[in-house]
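Please report on how the protein meets the DNA here, and on how the two chains pack against each other. Keep it brief.

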2 protein chains.
Amino acid sequence: MSTPGVGRVQLRIMQVLWDRKQATAREITAALNEDEPIAHSTVQTLLRKLEAKGVAAHKAEGRTFLFHATIKEQKVVRKATRDLLERVFDGSAAGLVAYLLKNERIEESELEEIRRLIGPKNKK
Amino acid sequence: MSTPGVGRVQLRIMQVLWDRKQATAREITAALNEDEPIAHSTVQTLLRKLEAKGVAAHKAEGRTFLFHATIKEQKVVRKATRDLLERVFDGSAAGLVAYLLKNERIEESELEEIRRLIGPKNKK
DNA sequence: CCCTGTCGTTTACCTTGGTAAATCTTTCCA
DNA sequence: TGGAAAGATTTACCAAGGTAAACGACAGGG
């Protein structure tokens with residue numbers, strides 16, 4: 001299976017799991033509520049859906065469940081990025097990079113790092 | 001209204017409209033079918049949905065409709081990119097650029113263009 | 001011992017995107 | 001002139017994502 005897609009809120013849940021390695025539903029709800037209101041039952045429903053698609057799992061810790069991610073963040077990042085690339089930039093990573101450089105503000109310190117990543121012009 | 005989101009296929013339809021300035025439903029169906037099979041009625045349904053959300057419109061040309069986009073491609077590109085940025089890269093354009101440079105193949109000729117866009121290191 | 005709060009589970013909607021057949025309508029040619 | 005072809009419109013599903021109340025089970029305090 002080719003990395004299932006996760007929705008917006010589902011992703012936020014996954015991010016909590018990646019951050020903390022493991023967390024109870026309650027903890028996740030608390031974490032998400034720092035940004036936007038969401039009912040605990042909603043979080044539980046989403047956790048189920050995440051487990052159903054195999055990207056998260058849980059083990060019982062007494063009466064409560066401890067959830068953890070079963071897929072690497074890298075995979076999800078890759079899929080999300082590839083999606084944008086395919087849909088909007090005709091598959092061209094360079095096109096997206098160019099777009100970002102032209103249209104989004106980037107700090108000089110960050111540009112520095114980017115220059116480093118590209119490396120010097122190597123003449124062929 | 002803050003630029004409505006358009007789905008995968010809806011976006012492909014919009015891309016045809018941006019390309020050709022205007023097109024009939026038939027022409028759009030034909031264009032999409034070059035890549036993947038899709039029923040004409042599906043295209044028509046989607047065109048309606050696009051009109052409903054105000055990103056496309058039509059004028060009658062005899063018995064048939066001529067559709068055209070009513071929103072700039074730039075807007076949709078921006079929204080889609082911002083979405084990925086917010087959801088996955090914590091809003092950091094530099095983070096996404098770095099990710100792309102590290103994980104996606106980019107041609108040397110394209111790198112050249114990217115270097116140009118960044119500009120030379122200006123020492124502080 | 002029982003009541004209440006906390007767990008997880010079940011059930012129920014709503015929206016959006018996608019897919020497409022069925023149907024109404026008009027045109028035009030055989 | 002009558003019916004097929006081609007438009008548009010209506011109607012119908014299905015899946016996914018999100019939202020959340022309702023419900024059943026249980027542990028722990030008073």
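In the side chain of B:Ser41, an N or O atom sits 3.3 Å from a base nitrogen of DNA strand C. That is a polar contact, meaning a pair of N or O atoms within 3.5 Å; within protein, one must be able to donate a hydrogen and the other to accept it, and residues adjacent in sequence count only if both atoms are side-chain atoms. This is a predicted model, in which local features need pLDDT of at least 70 and side-chain atom pairs pLDDT 80 or more, while totals for chains, interfaces and linings use all residues. Residues are numbered from 1 along each chain as written, chains are lettered from A and ligands numbered from 1 in written order, and side-chain values use heavy atoms, without hydrogens and water.

**DNA strand C**

The polar contacts to both DNA strands include these:

| Residue and atom | Strand and atom | Distance |
|---|---|---|
| B:Arg8, backbone N or O | DNA strand C, phosphate oxygen | 2.3 Å |
| B:Ala39, polar backbone atom | DNA strand C, phosphate oxygen | 3.2 Å |
| A:Gln10, polar backbone atom | DNA strand D, phosphate oxygen | 3.5 Å |
| A:Thr45, side-chain N or O | DNA strand D, base nitrogen | 2.6 Å |
| B:Gln44, side-chain N or O | DNA strand D, phosphate oxygen | 3.4 Å |

Around DNA strand C there are 19 residues, of which A:Arg48, A:Phe65, B:Arg8, B:Val9 and B:Thr45 come nearest. A residue is near a strand if one of its heavy atoms lies within 4 Å of it. Sugar or phosphate makes up 57% of the strand C atoms within 4 Å of the protein, and bases the rest. H3(B) gives the most to this surface, with four residues. By class, the surface has four nonpolar, eight polar and seven charged residues. Ala, Val, Leu, Ile, Met, Phe, Trp, Tyr, Cys and Pro count as nonpolar, Asp, Glu, Lys and Arg as charged, and the others, Gly among them, as polar.

**DNA strand D**

DNA strand D is surrounded by 19 residues, and the closest are A:Arg8, A:Thr45, B:Arg26, B:Arg48 and B:Phe65. Of its atoms that come within 4 Å of the protein, 59% belong to sugar and phosphate. Here H3(A) gives the largest share of the surface, four residues. Helices (H or I, at least four residues) and strands (E, at least two) are DSSP runs, numbered from the N terminus.

**Helix H5 of chain A**

How much of H5(A) is covered? Eight of its 11 residues are buried, that is, under 20% relative accessible area with a 1.4 Å probe, protein chains only. Among them are A:Leu96, A:Val97, A:Tyr99 and A:Leu101.

The axes of H5(A) and H4(B) (residues 73-88) come within 12 Å and cross at roughly 95°. Axes are lines fitted to C-alpha atoms, for helices over the stretch in contact, with angles from 0 to 180 degrees between N-to-C directions. The crossing makes H5(A) roughly perpendicular to H4(B), the class for 65 to 115 degrees. A:Leu96, A:Tyr99, A:Leu100 and A:Asn103 make the contact with B:Gln74, B:Val77, B:Arg78, B:Thr81 and B:Leu85. Contact means heavy atoms within 4.5 Å. Five of these residues are nonpolar, three polar and one charged.

H6(B) runs otherwise. Its axis and that of H5(A) come within 10 Å and cross at roughly 5°. The two helices are therefore roughly parallel, the class for angles under 35 degrees. A:Ala94, A:Val97, A:Ala98, A:Leu101 and A:Lys102 meet B:Glu110, B:Ile114, B:Leu117 and B:Ile118. This contact has seven nonpolar, no polar and two charged residues.

How values were computed
Parallel < 35°, antiparallel > 145°, perpendicular 65-115°, else oblique. Buried < 20%, exposed > 50% of the residue type's maximum accessible area, 1.4 Å probe, protein only.
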